Amino acid sequence: MKFTVDKHEKYILVKLNESKLNSLVTPQLKSELILINTEGQRNIILDLSQVKFADSSGLSSLLVGHRLCKNAEGVFILCGLNEAVNRLINISQLESVLSIVPTCEEAIDLIFMEEIEKELKRELK
């Protein structure tokens, strides 16, 4: 699986450099997401701008990422989805479960807003 990992203080940006998110790629993607999570990172942005096709195993890996981040009180955000991948997510009725934004910049903004919100809630307690 070809991908790049860009680590930041509040999040990790994983860019998948594959045209297909299928059963050949998902085991490695799941392991990478689990590894990132066990290293203490709770906010993950997955850039799928290179992905032209996804299947059910691809969706499964996205749900793993979502669950890991949610359990760590973080966020898992998808960005750069093409029409085919977005349609599959909609058909599977996962658009209300997964956080999806058009660009990586918007995903980064969303993470910072979430972090500020959590900090404010902590201060109010």
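Which way do Ile44, Leu46, Ile45 and Asp47 point from β4, and are they buried or exposed? Select β4 and look along the strand: Ile44 and Leu46 point one way, Ile45 and Asp47 point the other way, and all are buried. Here buried means under 20% relative accessible area, exposed means over 50%, and partly exposed is in between, using a 1.4 Å probe and protein chains only. Strand and helix names come from DSSP runs numbered from the N terminus, with helices being H or I of at least four residues and strands being E of at least two.

Before going on, some ground rules. You're looking at a predicted model, where local features need pLDDT of at least 70, side-chain atom pairs count only at pLDDT 80 or more, and totals for chains, interfaces and linings use all residues. Residues are numbered from 1 along each chain as its sequence is written, and side-chain values use heavy atoms, with hydrogens and water left out.

**Stop 1: the sheet**

Now select β1, β2, β4, β6 and β7. These five strands form an open sheet in the order β1-β2-β4-β6-β7, with mixed pairing. Two strands pair if DSSP finds at least two bridges between them. At the edges sit β1 and β7, each pairing on one side only. On average, neighbouring strands of this sheet are turned by 20° against each other, direction ignored. For angles like these, axes are lines fitted to C-alpha atoms (for helices, over the stretch in contact), and angles run from 0 to 180 degrees between N-to-C directions.

Start at the β1 edge. Strand β1 (residues 3-7) pairs with β2 in the antiparallel sense over five bridges, and a hairpin of four residues joins β1 to β2. For a landmark, pick Phe3, which stands opposite Leu16 in β2.

Step over to β2 (residues 12-16). This strand is mostly covered, with four of its five residues buried. On to the β4 side: β2 and β4 (residues 44-47) run parallel and are joined by four bridges. You can walk along this pairing residue by residue:

- Ile12 has Ile44 in β4 as its bridge partner.
- Leu13 stands opposite Ile45 in β4.
- Lys15 has Asp47 in β4 as its bridge partner.

Keep Ile44 selected and look across to β6, where its bridge partner is Phe76. Four bridges join β4 to β6, and these strands run parallel too.

**Stop 2: a helix over the sheet, and a helix beside it**

Show α2 (56-71) next. This helix lies across β4 and β6, running at about 145° to β6. Then add α1 (residues 26-38): α1 and α2 pack at an angle of about 5°, with their axes 9 Å apart. The two helices are therefore roughly parallel to each other; angles under 35 degrees count as roughly parallel, over 145 as roughly antiparallel, 65 to 115 as roughly perpendicular and the rest as oblique.

To light up the contact, select Thr26, Leu29, Lys30, Leu33, Ile34 and Asn37 in α1, which meet α2 residues including Ser57, Val64, Leu68 and Cys69. Contact means heavy atoms within 4.5 Å. By class, this contact of α1 with α2 has six nonpolar, seven polar and one charged residues. In that scheme Ala, Val, Leu, Ile, Met, Phe, Trp, Tyr, Cys and Pro count as nonpolar, Asp, Glu, Lys and Arg as charged, and the others, Gly among them, as polar.

Zoom in on Leu68 in helix α2. Leu68 is buried, at a relative accessible area of 14%. Leaving out residues up to four places away in sequence, Leu68 touches Leu33, Ile34 and Asn37. Now draw a C-alpha to C-alpha distance from Leu68 to Asn43: you should get 9.4 Å, for a pair 25 residues apart in sequence.

**Stop 3: the cysteines**

How many disulfides does the structure hold? Zero, a disulfide being a pair of cysteine sulfur atoms within 2.5 Å. Select Cys69 and Cys79: the closest cysteine sulfur to that of Cys69 is in Cys79, 13 Å away and too far for a bond. Cys69 is buried at 0% relative accessibility, and Cys79 is buried at 1%.

**Stop 4: two loop residues**

Finish with backbone torsions. Most residues other than glycine have a negative phi. Select Glu73, in the loop between α2 and β6 (76-79), and you'll find a positive phi near 60°. Glu73 is exposed, at 58% relative accessibility.

Last pick: Gln93, in the loop between α3 (83-91) and β7 (99-101). Gln93 also isn't a glycine, yet has a positive phi of about 60°. At 60% relative accessibility, Gln93 is exposed.
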